[in-house]
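Visitor: I should like to take a close look at a single part of this structure. Please guide me through it in one connected account.

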Amino acid sequence: MVAFALLPFLLAAVSPLSSDAAPLSGLTSMAKFKGVPVFPPVNLGLMCEIPMFQNACARVAAKTSVGKQVYTPIGTAQGVADGSGANRFAVKYATHTRWAASTVATKWALPTGAKNASGLPLACPQPSVDPSTYTEDCLSMMLYVPTSLKANSGVPTLLWIHGGSFIAGSATAPGLDGSKLAVATNSIVAVMQYRLGALGFMAPDGTTNLAVKDSIAAMNFLAKVVPSFGGSSSKITLAGQSSGAGMIRALLAAPSASSLFQSAILQSDPIDYGFLNVSTQNALQSSFNTLTGCAASDKACQSSLSVDAILSAQVTLGDNAPSIDASTGSAEPIRPVRDGSLINTPLDLTAPFPPVSKPILLTNVKNEAGPTIFGAFTGILAPSVFGPVCAASLGDARTETIQASPFYPTSNIADTRVPLETLGTDWIWRCPTWSLARSWSGNGGRVFVGMFVTGATYPVNNAIAFCLQPGSVCHQDDIEIVFGTVPNPTPAQAQLTTEMQARYKAFLTTGSPNAAGLSSWTAATTTDVHAHQLGGTPSPSGEIPAGACDPSFWGSAVQYDYQVFGI
Ligand SMILES: *[C@@H]1O[C@H](CO)[C@@H](O)[C@H](O)[C@H]1NC(C)=O
Ligand SMILES: *[C@@H]1O[C@H](CO)[C@@H](O)[C@H](O)[C@H]1NC(C)=O
């Protein structure tokens, strides 16, 4: 039987960290700095770490552009030129012991894995990659700072949280060189790592959401240091893609994080899954503890486990999760938990929506489910396959309603993968995103909804012919557009990069993606999300029709997974 349940594996489709991944574009140019001292060794750096000199150092710094050596309240930062108008700093923002909450760094230190200022952080432990590419001591970030900035000039900071289904990814994944985005938005761009998988979400003693707390530590770290780089501690905007956007949704649902950021950008968040609830988390947790053979209270056993053993247990847990509790789904069973302490609202249609006030920007790409459907089914599918495939994932009741609707026609369509892809995109991403937008708008927040109809094929999608077809915009194909890291962009891609960076610049400073010279992007209301078309030939309205994402269909006639399972 064809398992449409495969669909969620899309989210795991991140490119490996290994050497076949394209290096950061700015990094290739770093080679030319090899052997050149990054900065002359001066004593000013040491002096500026002494509290009584810090004000003087800050005054000197304020007059000159932020350079490659920056005096922060926690020590001297050494950076390197990034080749496109920004300096790049790699830093460890927090430390932790295994399965304990992280502590914000109190001294500026290079990430584990970086031997000098041009070094890069190792990733957090993850399955299926070379172990030499990761370390448990992985709470690091990259900072990209326009060379023209002066200290204390109060510019915003964009903190990027990478995707990878909460089990993969890193701050140095393809396309995430933030220098062009930093220059274009005149802001500091930070790209952070957080603990992944079991190390971030399955503390055997039941401590929840460690990885979410890592993100909070990262924001606290930025609040301390960004003024020295020209930033303002009170102008931090979160941005992320896929599970990175899911992490941001968790932070939006965490009252204790609220004062740490001003606004948020969520790209391609698979909102259909919802946060786990406590009973589901407990079921996964106890299964994980059994797999590792360490009792919840046995710290000695837990700290003696090898990373490899933890990752194997994590992989087994991931495989077993849907049979332990169907509400986990198979795509990202390990994810933030509504634990009632850090996260106390699902931010969805299953509970009263809290009052909100932060501006948010929610985007999707046209073919979110493209990599999964066309990756799982490599040949043309007949119309008769639609029903069984749909029922395998959504069950008979939802399938019946879907088949009776006009939204996913199979007649006169040569390949049933096409309506299946539309269905997957609507179900996991687009419609729950639009539901969130309506709730956000109805409860006091300003929200802008967008849809990318132009993209740039992310490296991992090169293996999927559908994603290479003109007009396809697959999951992750928005990343390089936003970062301005598309290799050899077409004029349409370059134009969209310019537009998105101008919109992000506006959003970081005003909370609205509208700026002079750009088409007007209307904020969502409870009755019309006004989904703005990003790229492509502008339609007369410039907006994407609701179709199946009308509130009378997805969310009511056909329930989201989080509604079905009550998580
Ligand atoms: C930085 O460290 C790397 C090894 O991690 C080394 O190859 C490189 O030469 C060093 N660069 C400088 C400027 O010292
Ligand atoms: C949590 O989700 C599970 C799985 O769907 C459900 O059976 C259970 O009732 C939920 N528990 C709570 C406390 O809401």
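Which polar side-chain atom lies 3.0 Å from a nitrogen atom of ligand 2?

Guide: The model is a predicted one. The atom in question belongs to the side chain of Ser 279, which lies 3.0 Å from a nitrogen atom of ligand 2. Two further contacts involve oxygen of the ligand. In one, an oxygen atom of ligand 2 is 2.4 Å from an N or O atom in the side chain of Asn 277. In the other, the partner of a ligand oxygen atom is a polar backbone atom of Phe 565, at 2.6 Å. Ligand 2 on its own exposes 360 Å², of which the protein buries 47%.

The surroundings of ligand 2 comprise Asn 277, Ser 279, Thr 280, Asp 325, Ser 327, Phe 565, Gly 566 and Ile 567. By character, this shell holds 5 polar residues, 2 nonpolar residues and 1 charged residue. Asp 325 is the charged member, because Asp is classed as charged. Phe 565 and Ile 567 are the nonpolar members, since Phe and Ile are classed as nonpolar.

Aromatic residues at neighbouring sequence numbers may be added to this account. The ring centres of Trp 554 and Tyr 560 are 6.0 Å apart and their planes meet at 10 degrees, so this pair is stacked. Trp 554 counts as buried, at 1% relative accessibility, and Tyr 560 likewise counts as buried, at 0%. Both rings belong to one aromatic cluster, together with Phe 407, Tyr 408, Phe 553 and Tyr 562.

Methods: Residues are numbered from 1 along each chain as its sequence is written. Chains are lettered from A and ligands numbered from 1 in the order in which they are written. This is a predicted model: local features need pLDDT of at least 70, side-chain atom pairs count only at pLDDT 80 or more; totals for chains, interfaces and linings use all residues. Side-chain values use heavy atoms; hydrogens and water are left out. A residue is near a molecule or strand if one of its heavy atoms lies within 4 Å of it. A polar contact is a pair of N or O atoms within 3.5 Å; within protein, one must be able to donate a hydrogen and the other to accept it, and residues adjacent in sequence count only if both atoms are side-chain atoms. Accessible areas come from the Shrake-Rupley method with a 1.4 Å probe; for residues, only the protein chains shown count as cover. Rings of Phe, Tyr and Trp (its six-membered ring) pair if their centres lie within 6.5 Å; planes under 30 degrees apart count as stacked, over 60 as edge-to-face and the rest as tilted. Buried means under 20% relative accessible area, exposed over 50%, partly exposed in between (1.4 Å probe, protein chains only).
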